[in-house]
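Biologist: I am new to reading protein models, and I would like to understand the reasons behind the words people use. Could we look at one together?

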Amino acid sequence: MAGLSVEAEAEIQYLEAMIARLEAGEEDPEDFRVYRLKNGIYGIRGRPEHHMVRIKLPVGRVSPEALRVLAEVAERYAENRLAHVTTRQAVQLHHVHRRDVPHVLRAVNRVGLTTREACGHSIRAITCCPYAGVSAEEPFDVTPYAEAAYRYFLRHPVGQNLPRKFKIAFEGCATDHARTPIHDIGVVAAVEGGKRGFRLYVGGGLGAAPMSAELLEPFTPEEDLLPTMLAIIRLFDRHGNRKVLTQARLKFLVKKWGIAAFREAVREERRIVKLTASGEDLKAWQPPQDLPPPSLPSPPRKPFSFAPGFDAWRRTNLFRQKQEGYYTVAVRLPLGDITPEGLRALADIAETYAGEIRSAISQNLLLRFVPEDALGGLYEALLRVGLAHPEAHTILDITRCPGADTCNLAITRSRGLAQALEAHLHTLPLTHDPAVRSISIKISGCPNSCGQHHIADIGLYGSSRKVGENEVPHYTLLLGGRTREGEARFGQVVARIPARRTPEAVERILKRYQEEREQGESFQAYLDRVGAASFKPLLEDLQTIPSYEEAPEYYQDLGAEGETFRVQLGRGECAV
């Protein structure tokens with residue numbers, strides 16, 4: 001286990017001192033709030049002494065040792081004893097008491113994880129395609145480049161006080177696993193004349209005003225990657241809108257200037273960076289070395305299993321690697337959650353069967369470099385500990401944010417809808433249809449798109465409607481979201497459905513697609529042909545709400561049965 005860095009120890013000691021002063025009434029609560037957020041520590045709805053702690057998994061990589069530490073801190077300090085895997089290659093612990101936060105930070109920092117800059121006006125996340133290094137689609141592995149950028153920008157002065165949060169994604173595959181068009185900077189591997197480089201995209205983002213990133217350069221040589229990223233961030237720092245928070249993301253600056261003018265400004269700024277940056281600042285950026293191959297496992301040979309569910313699991317949870325004889329295996333985490341027991345078991349299984357572990361933005365964990373002739377044994381090991389869930393990356397693998405269970409900005413409990421929807425879909429024979437199974441569903445508890453509802457085939461976000469004197473939880477339903485390199489198409493709103501009837505609405509959409517599609521027509525192609533708006537009449541009757549006296553369940557949120565629904569928005573902290 002690695003020791004704490006000097007920087008991390010100093011930050012944690014400062015936090016401890018602030019907590020002591022706060023509890024003694026000697027610390028400005030707002031100063032404490034700003035400092036804790038810079039260190040990835042959020043407030044919890046209605047519980048000022050409890051926090052959500054967001055722990056970064058650097059570019060999605062996590063060791064068995066780190067899984068065991070995450071298990072320990074989730075078990076000891078998270079009230080619900082769960083680790084929640086996010087869409088940004090991080091893990092969240094919820095309801096951690098303020099006095100315990102420093103213990104969590106020390107534990108995770110010792111195994112190479114950090115909470116630093118997991119919130120605030122900073123470079124929040126540098127994510128990476130989870131199949132980088134094993135995909136036959138990629139021209140080269142982008143992982144070392146993503147890791148070099150992650151190390152460089154962590155605690156770097158340029159990223160400490162930006163106009164707004166900033167997110168970067170690296171992709172090597174032709175398939176857009178990392179969703180580069182919805183990031184401030186999207187970095188896509190390219191080769192030109194035998195030389196490595198990247199196609200760079202800028203100005204993407206979701207939220208209430210989603211925008212697709214635009215191509216900055218068709219080829220940036222690898223040695224210019226960091227200077228170019230620095231140039232973009234410096235321009236954003238100087239010219240981003242610091243007066244109007246809702247207009248502060250990079251996407252608004254790119255839109256205001258236009259991509260042609262922004263491109264020229266980046267080129268000039270990059271020239272200045274390369275001429276004036278000291279060796280210490282730029283750290284003599286050199287293209288990183290390729291990663292050494294992982295230590296390959298030598299598990300017991302058992303390629304097949306007669307245990308129930310093996311064939312179904314094998315159909316949905318395996319990804320054939322470019323390394324002959326090896327697979328990447330998705331460990332599906334329903335609702336994105338995993339228990340301490342599950343984390344410890346997965347750490348043991350990974351040490352036996354896999355070369356490494358990564359997280360995916362689908363809120364799953366991936367075991368990589370699993371030998372083909374050990375897949376049966378791996379399945380049985382996962383089955384014994386309750387981690388052999390099939391249907392990874394299918395319609396039953398629903399993405400969701402934490403929602404109103406903890407978030408101050410959430411309107412509805414997205415976790416409750418995800419549970420109800422998965423249970424309902426499991427009962428439908430149509431989900432055995434391969435074309436239906438490939439449909440994606442993503443849920444957010446509010447319009448801010450933490451669950452990435454804008455880019456789902458079927459997207460849902462929480463809303464509310466007042467009927468008489470009472471409020472009714474609703475979900476706004478969008479159809480047709482998707483991404484590919486260079487383009488994000490955002491779902492079109494077709495209805496606002498009471499939460500209780502949302503699973504039925506999804507069922508109707510799926511049935512209509514199954515009945516009307518042409519031979520071999522995907523859901524996306526079908527929507528392009530018939531138009532998302534054509535679904536409005538199909539869902540119209542579901543939007544009728546009976547009186548409270550007739551059906552009080554309509555006035556209760558999914559996941560909060562027995563409680564009368566009421567929107568309870570707190571002070572948002574994502575933007576601090």
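Modeller: Gladly! Let us begin with a helix: its expected span is 1.5 Å times one less than its number of residues. Please keep in mind that this is a predicted model.

Biologist: How do you know that the span of helix H3 is close to the one expected?

Modeller: Helix H3, residues 64–77, has 14 residues. From its first C-alpha to its last it reaches 20 Å, close to the 20 Å expected at 1.5 Å a residue.

Biologist: Which residues of H3 are buried?

Modeller: They are Ala-66, Leu-67, Val-69, Leu-70, Ala-71, Val-73, Ala-74 and Tyr-77. The word means a relative accessible area under 20%.

Biologist: Why is Glu-117 called buried?

Modeller: Its relative accessible area is 1%, and the cut-off is under 20%, so Glu-117 counts as buried. You can find Glu-117 in the loop between helix H4 (101–109) and strand S6 (123–128).

Biologist: And Arg-179, is that residue buried or exposed?

Modeller: Buried: Arg-179 has 16% relative accessibility, and the limit is under 20%. Arg-179 lies in the loop between strand S7 (166–171) and strand S8 (185–192).

Biologist: What makes the phi of Glu-117 worth a remark?

Modeller: Most residues other than glycine have a negative phi. Glu-117 is not a glycine, yet its phi is positive, about 60°. Arg-179, also not a glycine, has a positive phi of about 60°.

Biologist: Now the sheets. Why are S1 and S13 said to stand at the edges?

Modeller: One open sheet has 5 strands in the order S1-S2-S5-S4-S13, with antiparallel pairing. Strand S1 (41–44) and strand S13 (337–338) each have a single partner strand, so one side of each is left without a neighbour in the sheet.

Biologist: How do you know that S1 and S2 pair?

Modeller: Pairing needs at least two bridges, and 4 bridges join S1 to strand S2 (residues 47–56), so by that definition they pair. The two run antiparallel. As an example, Gly-43 has His-51 in S2 as its bridge partner.

Biologist: What is the strand order in the open sheet that includes S12?

Modeller: The order is S3-S14-S15-S12-S11, again 5 strands with antiparallel pairing. Its edge strands, S3 (61–62) and S11 (318–320), each pair on one side only. Inside that order, 5 bridges join strand S12 (residues 326–331) to strand S15 (residues 365–371). Among the residues involved, Tyr-327 has Val-370 in S15 as its bridge partner.

Methods
Residues numbered from 1 in each chain as written. Predicted model: local features only at pLDDT ≥ 70, side-chain atom pairs only at ≥ 80, totals over all residues. Heavy atoms only, no water. Buried < 20%, exposed > 50% of the residue type's maximum accessible area, 1.4 Å probe, protein only.
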